[in-house]
Amino acid sequence: MIFDVVIVGAGMTGLMLAVRLLHGGARVALVEQEQPGRGASALCTGTASTLHMDMYARAEMARSTETARTYLETLEQSLVRMKAVLPADCRPQETSVYAYAMLDEDLPALDAQMLLAHRLK
């Protein structure tokens, strides 16, 4: 068989890339030595998350509240799409996340970010 693209690694990035390429009409070979979606993707810390440090505050300050809201909505839509296109045995496990500050002086910025994220929804 002839392929347009060979993707090595069926982690979340490889799986999503394969799905996008397949929907675009490409002939894709996806190569994985273990179970898809379970290697580094299963151990990652927040790559499939809407909690992105202070990005909402930066987007709001640099552009507007609407830009920050669009950023959040885009992340949320990506998570929904990921769940819709991946087979059940390849989906990441959903868990709760916690945000914390390493230093007491960072708490106000963390609180502000969380309040902004809630306000954007």
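Helices and strands here are DSSP runs, numbered from the N terminus, with at least four residues for a helix and at least two for a strand. The exercises below use a predicted model.

**Exercise 1. State how many helices and strands the protein has, and give their order along the chain.**

Solution.
Step 1. Count the elements: the protein has 5 helices and 2 strands.
Step 2. Read from the N terminus on; the order is β-α-β-α-α-α-α.

**Exercise 2. Describe the confidence of the model, and find where in the protein confidence is lowest and where it is highest.**

Solution.
Step 1. Take the average: the mean pLDDT of the protein is 79. A score of at least 70 is reached by 83% of the residues.
Step 2. Go through the elements. Confidence is lowest in helix α2, residues 40-43, where the mean is 60. The highest value, 93, belongs to β2.

**Exercise 3. Find the salt bridges in the structure and say where their partners sit.**

Solution.
Step 1. Recall the principle: side chains of opposite charge can pair when their charged atoms come close.
Step 2. Apply the cut-off, a side-chain nitrogen of Lys or Arg within 4 Å of a carboxyl oxygen of Asp or Glu. A search of the whole structure then gives 2 salt bridges.
Step 3. Take the pair Arg-27 and Asp-4, whose side chains meet at 2.8 Å, N to O. This pair links distant parts of the chain, 23 residues apart. Arg-27 is in the loop between α1 (12-23) and β2 (28-31), while Asp-4 is in the segment before β1 (5-8).
Step 4. Take the pair Glu-66 and Arg-69, with the closest N and O atoms 3.2 Å apart. These two residues are about one helical turn from each other, because they are 3 residues apart in helix α4.

**Exercise 4. Classify the four salt-bridge residues as buried, partly exposed or exposed.**

Solution.
Step 1. Use the limits: buried is under 20% relative accessible area, exposed is over 50%, and partly exposed lies in between.
Step 2. Compare each value with the limits. Arg-27 has 42%, so Arg-27 is partly exposed. Asp-4 has 44% and is therefore partly exposed. Glu-66, at 45%, is partly exposed. Arg-69, at 23%, is partly exposed too.
Step 3. Set this beside the whole protein, where buried residues make up 21% of the 121 residues.

**Exercise 5. Describe how helices α3 and α4 pack against each other.**

Solution.
Step 1. Choose the quantities: two packed helices are described by the angle between their axes and the distance between the axes.
Step 2. Read them off. The axes of α3 (residues 55-62) and α4 (residues 65-85) come within 6 Å and cross at roughly 145 degrees. The crossing is right-handed.
Step 3. List the residues in contact. α3 contributes Met-55, Tyr-56, Ala-59 and Glu-60. From α4 come Thr-65, Thr-67, Ala-68, Tyr-71, Leu-72 and Leu-75.
Step 4. Sort them by class: the contact has 7 nonpolar, 2 polar and 1 charged residues.

**Exercise 6. Locate Val-85, Gln-35 and Ala-99, and give for each a C-alpha distance to a residue elsewhere in the sequence.**

Solution.
Step 1. Start with Val-85, which lies in helix α4. Its relative accessible area is 34%, so Val-85 is partly exposed. Val-85 and Arg-20 are 65 residues apart along the chain, and their C-alpha atoms are separated by 9.5 Å. Leaving aside residues up to four places away in sequence, Val-85 touches Met-16 and Val-19.
Step 2. Go on to Gln-35, in the loop between β2 and α2. With 42% relative accessible area, Gln-35 is partly exposed. From Gln-35 to Ala-10 is 25 residues in sequence and 8.0 Å in space, C-alpha to C-alpha.
Step 3. End with Ala-99, in the loop between α4 and α5 (107-120). At 35% relative accessibility, this alanine is partly exposed. The C-alpha atoms of Ala-99 and Met-114 are 8.9 Å apart, with their positions 15 residues apart along the chain.

Terms used. Residues numbered from 1 in each chain as written. Predicted model: local features only at pLDDT ≥ 70, side-chain atom pairs only at ≥ 80, totals over all residues. Heavy atoms only, no water. Axes fitted to C-alpha atoms, helices over the stretch in contact; angles between N-to-C directions. Left-handed = near helix turned anticlockwise from the far one by under 90°. Contact = heavy atoms within 4.5 Å. Nonpolar A, V, L, I, M, F, W, Y, C, P; charged D, E, K, R; others polar. Buried < 20%, exposed > 50% of the residue type's maximum accessible area, 1.4 Å probe, protein only. pLDDT = per-residue confidence, 0-100.
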